[in-house]
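Please look through the sequence and the model shown below before reading on. The report that follows takes up strands, rings, the nonpolar core and some backbone details in turn.

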Amino acid sequence: MKKGFVFDLDGVITDTAKFHYIAWKNLAKKLGITINETFNETLKGISRMDSLDKILAYGQRENEFTTAEKEALAQKKNDEYVKLLADLSETDLLPGVHDFLVQAKERNIPCSIASASKNAPMILEKLGVLDFFGHIVDPETLKKGKPDPEIFVKAAESINVAPKDAIGFEDAQAGIEGIKAAGMYAVGISATETLKGADFQVTSMTELDIEQLINQ
């Protein structure tokens, strides 16, 4: 029987991808780089600095900025992103999420967040679900980003669950690879792509049966 749940945030609990896209697109434009939604898909699930590096490489400007300048650019993007999140509320939870978290709480199944987002605590608070999570992994403590399993191992251990006894929920390929490398059962959530390696895939959390899951 599975004893704990580990969730990615963006694309699983809520979808702030459109806000990330607007903020990155505007920053790229200021740097003379044009990105589109297809390119934006490649930024899914990776850290802010890795996203910036990809954009600069895409615009062939990867060697023009110091680390300090890049950090300032990433901060500028994040400032705009946070402003765009101002109106985020419980209505922005993805379908089935609230009910699933309530069912987990009723069964005393601990939950944690494994997200590359440094804004996770603020986002979860705005969504009204912060109290459902026993721990949120701080991305600053990580040596490697997804698909490395580090974040998932930490997320499971933070709620006192061995990775083999945990279920991970992800919407991105890199995340599924990280969950499997951590030795967990992987649930893929995507209506648009087949997530290779997922043990089970649904288009939304409304399709999940918590009893079936924990008995995997």
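## A strand inside the sheet

G188 stands opposite Q201 in β6, where strands (E, at least two residues) and helices (H or I, at least four) are DSSP runs numbered from the N terminus. This is a predicted model, in which local features need pLDDT of at least 70 and side-chain atom pairs count only at pLDDT 80 or more, while totals for chains, interfaces and linings use all residues. Residues are numbered from 1 along each chain as its sequence is written, and side-chain values use heavy atoms, with hydrogens and water left out.

The strand that holds G188 is β5, residues 185-189, and 5 of its 5 residues are buried, a word that stands for under 20% relative accessible area, with exposed meaning over 50% and partly exposed the range in between (1.4 Å probe, protein chains only). In a regular strand the side chains alternate between the two faces of the sheet. In β5 both faces are covered, since Y185, V187 and I189 on one side and A186 and G188 on the other are all buried.

## Neighbours of β5 and the whole sheet

On one flank, β5 pairs with strand β6 (residues 200-202) in the parallel sense over 3 bridges; two strands count as paired if DSSP finds at least two bridges between them. Strand β4 (residues 166-170) also runs parallel to β5 and is joined to it by 4 bridges, and within this pairing F169 has V187 as its bridge partner. Together with helix α8 (residues 173-181), β4 and β5 make a right-handed β-α-β unit, right-handed being the case in which, with the strands pointing away from the viewer, the path from the first strand over the helix to the second runs clockwise.

These strands belong to an open sheet of 6 strands with parallel pairing, in the order β3-β2-β1-β4-β5-β6. Its edge strands are β3 and β6, each of which pairs on one side only. Farther along this order, β1 and β4 pair in the parallel sense over 4 bridges, and F7 stands opposite F169 in β4.

## Aromatic rings and charges

How many aromatic pairs does a search of the whole structure find? There are 8 such pairs, a pair being two rings of Phe, Tyr or Trp (its six-membered ring) whose centres lie within 6.5 Å, with planes under 30 degrees apart called stacked, over 60 edge-to-face and the rest tilted. One of them joins F5 and F7 in an edge-to-face arrangement, at 6.2 Å centre to centre and with 85° between the planes, and both F5 and F7 are buried. Another is made by F7 and F133, which is edge-to-face because the ring centres are 5.8 Å apart and the planes stand at 85°. This second pair links distant parts of the chain, with F7 in strand β1 (residues 4-7) and F133 in the loop between α6 (120-127) and β3 (135-136), 126 residues apart. F7 counts as buried because its relative accessibility is 0%, while F133 is buried with a relative accessible area of 9%. F5, F7, F100, F133 and F169 form one aromatic cluster.

Two lysines are placed over ring faces: K77 lies over Y81, at 4.6 Å from the ring centre, and K105 lies over F132, at 5.3 Å from the ring centre. For such a placement, NZ of Lys or CZ of Arg must be within 6 Å of the ring centre and within 35 degrees of the ring normal.

## The largest nonpolar core

A nonpolar core is a set of buried Ala, Val, Leu, Ile, Met, Phe, Trp, Tyr and Cys residues joined through side-chain atoms within 4.5 Å. The largest one here has 36 residues, of which F5, F7, I13, F100, V129, F133 and F169 touch the most other members. Among the elements that each supply at least two residues of this core are β1, α1 (17-30), α5 (97-106), β4 and β5. At least three of its residues come from each of domain 1 (4-14 + 89-215) and domain 2 (16-85), with bounds taken from an automatic or database domain assignment.

## Backbone details

Most residues other than glycine have a negative phi, and most peptide bonds are trans. The peptide bond from K146 to P147 is cis, with omega near 15°, and P147 is found in the loop between β3 and α7 (150-158).

Q60, which is not a glycine, has a positive phi of about 55° and is found in the loop between α3 (48-58) and α4 (67-84). Its relative accessible area is 69%, so Q60 is exposed. N160, also not a glycine, has a positive phi of about 60° and is found in the loop between α7 and β4, where N160 is exposed, with a relative accessible area of 74%.
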